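Let's take a walk through this one, starting with how a few helices pack and ending at the ligand and the backbone oddities.

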Amino acid sequence: MPKVIVVGSTNVDYTVAVDRLPAAGETVLGREFYQSVGGKGANQAIAARRAGADVFFLTKLGTDANGRLLERHLTRMGIPGAGLLRDAETPTGVALIVVDRSGMNQIAVAPGSNWRLTVEEVDRASTLMAGGRALLVQLELPLPVVTAALALAKRHRLMTILNPAPAVPLSSDVLKLVDVLTPNEGEARALTGQDDPADAAQILLARGARRVIVTLGSRGAWLRDAQANQAFPAFRMEAIDSTGAGDAFNGALACALAEGRPLDEAIVFANAAGALTATRRGAQDALPSRRDIDELCRTAIPGT
Ligand code: ADP
């Protein structure tokens, strides 16, 4: 199996369902409470694993009960324990989420141990990196750590994928290390000030990214690079909750590219993974298996 290396965040998510979101200083009585595993790094690592890749995930947990819980969860999902580093001084990352009846949410993240992953620890993963085919990173870690991972992957000739979420300003020095940049619409706008995905992509290419794929929710994705400037329509689904669709897209894209599939085929595969995730509730629980993704690609025509 081709190897995908993911360097990223892991959190425990605490979610309270409410009728309406609280205003500043207000307490609202909620309904159900859910605890789940999150963090874009963990979600995308598991998405790539379920899509069929052999995954090495480098992340940093605390030595607290949450850290132990996440270690058990990740190893059960087929992620090797060697990349799950520990920090004894900082609690494991958590996200506090309130979500209302319409699906609108408010989220506060305490990155905790995620913020303690260091450039040296990334550099120490050099031999592992050498065995990989694709690197997938997001922006829930300190930017120097993300940059070090991209630079190391480039040295080992891996294909590099940066999902710029949450969006922070990115210099050309960082973007030049990126083979495939995958903002969603909001992130593309935040990075460039452009509403139109093709215009935003053009700016990001000019700043140094080699290819840009803007994900557009139920409208699919837009690819722009030196040759292409084209839409990839979404698979039409009965969507009920798009949480995690972007993570599914990125994990599946990394898996397909690590398998050496052409980019257009990889985008269709990723669109299928995103679409399936939107038909199920939750983030990680909604991530589709390889069988489900292949089945949708075989039986449905995107956009129809
Ligand atoms: P994010 O979760 O980061 O905001 P998007 O909402 O753009 O990302 O979704 C990522 C991908 O998931 C899209 O490019 C698309 O392929 C798929 N997707 C998301 N929502 C739907 C939907 N309602 N119907 C079909 N596909 C969807």
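## Helix packing around α9

A quick bit of vocabulary before the helices: a crossing is called right-handed if the near helix is turned clockwise from the far one by less than a right angle, and left-handed if it is turned anticlockwise. Keep in mind too that this is a predicted model.

With that in hand, look at α9 and α10, which cross in the right-handed sense. Their axes come within 7 Å, at an angle of roughly 150 degrees. Angles over 145 degrees count as roughly antiparallel, and α9 and α10 are therefore roughly antiparallel to each other.

Helix α9 also has α1 (residues 40-51) packed against it, with the two axes 7 Å apart and an angle of about 50 degrees between them. That makes α1 oblique to α9. The crossing of α1 and α9 is right-handed.

## The α7 and α8 pair

Now move to α7 (residues 185-192) and α8 (residues 197-206), whose axes come within 9 Å and cross at roughly 55 degrees. This pair is therefore oblique as well: α7 and α8 run neither roughly parallel nor roughly antiparallel. As for handedness, α7 and α8 make a left-handed crossing.

## The ligand and its shell

What surrounds the ligand? A set of 16 residues does, and the closest are Thr215, Gly217, Gly220, Gly246 and Asn271. Sorted by class, the shell has 8 nonpolar residues, 8 polar ones and no charged residues.

Some polar contacts are worth pulling up on screen. In threonine 215, a side-chain N or O atom is 2.8 Å from an oxygen atom of the ligand. Asparagine 184 places a polar side-chain atom 3.0 Å from a ligand oxygen. Glycine 246 uses its backbone instead, with an N or O atom 3.0 Å from an oxygen atom of the ligand. On its own the ligand would expose 550 Å², and the protein buries 83% of that.

Which elements give two or more residues to this shell? They are α9 (245-258) and α10 (263-278), the pair described above as roughly antiparallel. The biggest share comes from α10, which gives 4 residues.

## Two backbone spots to check

Most residues other than glycine have a negative phi, and most peptide bonds are trans. Here are two places to compare with that rule.

Where does the chain have a positive phi without a glycine? At arginine 157, where phi is about 60 degrees. Arginine 157 sits in the loop between α5 (143-155) and β9.

The other spot is the peptide bond between alanine 165 and proline 166, which is cis, with an omega of about -10 degrees. Proline 166 belongs to the loop that runs between β9 (159-162) and α6 (172-175).

Technical notes
Residues are numbered from 1 along each chain as its sequence is written. This is a predicted model: local features need pLDDT of at least 70, side-chain atom pairs count only at pLDDT 80 or more; totals for chains, interfaces and linings use all residues. Side-chain values use heavy atoms; hydrogens and water are left out. A residue is near a molecule or strand if one of its heavy atoms lies within 4 Å of it. A polar contact is a pair of N or O atoms within 3.5 Å; within protein, one must be able to donate a hydrogen and the other to accept it, and residues adjacent in sequence count only if both atoms are side-chain atoms. Accessible areas come from the Shrake-Rupley method with a 1.4 Å probe; for residues, only the protein chains shown count as cover. Ala, Val, Leu, Ile, Met, Phe, Trp, Tyr, Cys and Pro count as nonpolar, Asp, Glu, Lys and Arg as charged, and the others, Gly among them, as polar. Axes are lines fitted to C-alpha atoms, for helices over the stretch in contact, and angles run from 0 to 180 degrees between N-to-C directions. Angles under 35 degrees count as roughly parallel, over 145 as roughly antiparallel, 65 to 115 as roughly perpendicular and the rest as oblique.
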